[in-house]
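Me: I'd like a close look at one part of this model, and then at what lies around it. Could you take me through it in plain words?

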Amino acid sequence: MRLVTFQDGNGTRIGVLVGDGEIVDLAVADASLPRTMLDLLASGVSFEVLDKAVRGARRMRVEDVKLKAPLPRPPRNIFCVGKNYHAHAKEFANSGYDASAKEVVPEVPVIFSKPPSAVIGPHEPIPSYLDPTSSVDYEGELTIVIGKGGRGISKSSALSHVFGYTIINDVTARTLQERHRQWLLGKGIDGFCPMGPAILTNDEVPDPTALELRTWVNGELRQEAPLSDLIFDIPTLIETISARITLEPGDLIATGTPAGVGLGFSPPKFLKPDDVVRIEVTGIGALENPVA
Ligand code: MG
């Protein structure tokens, strides 16, 4: 199922997307269920219980509510992975904006983070005006949502710690990324982490490598890749991070972006006001944001 956080005149709640453009408010379906996405995924509630609650429940129209990021304010920084697709690692190394490393394909996963304050929801504007260097770029990324936490999680049990998957746009100010010799200041800017539109639950994704990601800017297809192209796969990322950092419910791991970002073009195709970025991943839906 696809879980969402939404807002209307009665406040912010969580729900399930059903049918064609409809939504079930989980608080209405079963008043005993947790009221926030973080509480829900930390509760360990089974997908069968949610499924049962939703059946026959009253529905609302999605167009009558405002979808927010599924986790509007993640409890801590979002883990991100750099250079995790071969073709993108090459385009980044050749772009002149990579001050981070000499090697094109990393030997071990490159991990950095974005602060929770960077998160915005579907259709919220990306504040490109916060980059004084006009080098704002998009990065469509499948993102893991951790359910059951833990340290020292093995590859073989990694997928059982996944609650589901969502989409993040790892928006980046390229000049700041290069100038400061690390990635936080170029990627942690307010509003530079659009997330959504939903969390596709793990039970519907028996094989995450079968998913495909596509990104359009103003209707022009820029990125297209299967998740099987990841250099470091999802179990490896979970094992690597959790080796020494305890993963907690609600942690997010953005798995990296494929080739086709703006800096890969000559000259670079950076975002400008009034552009629209749309990222789709199989089964999750489309995350669309205008640029301000
Ligand atoms: Mg990225």
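What is the volume of the second largest pocket?

Reply: Happy to. This is a predicted model, so local features need pLDDT of at least 70 and side-chain atom pairs count only at pLDDT 80 or more, while totals for chains, interfaces and linings use all residues. Residues are numbered from 1 along each chain as its sequence is written, and side-chain values use heavy atoms, with hydrogens and water left out.

The second largest pocket has a volume of about 170 Å³. A pocket here is found on a 1 Å grid over the protein atoms alone, as an open set of points with protein on both sides within 12 Å along at least five of seven lines; a cavity is a set of points where a 1.4 Å probe fits but cannot get out, and lining residues have an atom within 4 Å of a point. Grid points are joined across faces, edges and corners, and a volume is the space filled by probe spheres set on them.

Thirteen residues would be a handful to list, but the 13 that line this pocket have Leu41, Gly44, Gly147, Lys148 and Phe163 nearest its centre. Helix H2 (37-43) and strand S11 each supply at least two residues of the lining; helices (H or I, at least four residues) and strands (E, at least two) are DSSP runs numbered from the N terminus. By class, the lining has seven nonpolar, five polar and one charged residues. In this scheme Ala, Val, Leu, Ile, Met, Phe, Trp, Tyr, Cys and Pro are nonpolar, Asp, Glu, Lys and Arg are charged, and the others, Gly among them, are polar.

From this pocket we can move to the core. The largest nonpolar core has 80 residues, and Leu3, Leu26, Leu40, Leu50, Ile238 and Ile253 touch the most other members. Strand S11 (residues 162-169) gives the most to this core, with five residues. A nonpolar core is a set of buried Ala, Val, Leu, Ile, Met, Phe, Trp, Tyr and Cys residues joined through side-chain atoms within 4.5 Å. Buried means under 20% relative accessible area, exposed over 50% and partly exposed in between (1.4 Å probe, protein chains only). In soluble globular proteins, nonpolar side chains tend to be buried together.

Take Ile253 as one example from that core: beyond its neighbours within four places in sequence, Ile253 is in contact (heavy atoms within 4.5 Å) with Phe79, Val81, Leu142, Thr143, Ile144, Ile146, Ile238, Ile241 and Leu247. There is also a second, separate core of nine residues, including Leu17, Met60, Val65 and Ala198.

Leu247 and Leu142 each lead on to another buried residue. Ser242, in helix H8 (residues 234-242), is buried at 0% relative accessibility. Residues up to four places away in sequence aside, Ser242 touches Gly150, Arg151, Gly152, Ile153 and Leu247. Leu211 sits in the loop between strand S13 (193-201) and strand S14 (212-217), and Leu211 is buried too, with a relative accessible area of 7%. Again leaving aside neighbours within four places, Leu211 is in contact with Leu142, Val205, Pro226, Leu227, Val281 and Thr282.

A charged residue can be buried as well: Lys114, in strand S7 (residues 110-114), has 0% relative accessibility. The side chain of Lys114 makes a polar contact with the side chain of Asp170 at 2.5 Å, and the backbone oxygen of Phe192 lies 3.0 Å from a polar atom of the Lys114 side chain. A polar contact is a pair of N or O atoms within 3.5 Å; within protein, one must be able to donate a hydrogen and the other to accept it, and residues adjacent in sequence count only if both atoms are side-chain atoms.

Lys187 is among the residues that Lys114 touches, and this brings us to an enclosed space. The search of the whole structure finds one cavity of 30 Å³ or more. About 70 Å³ of space lies in the largest cavity, and of its 15 lining residues the closest to the centre are Gly82, Lys83, His88, Glu139 and Lys187. The lining divides into four nonpolar, five polar and six charged residues.
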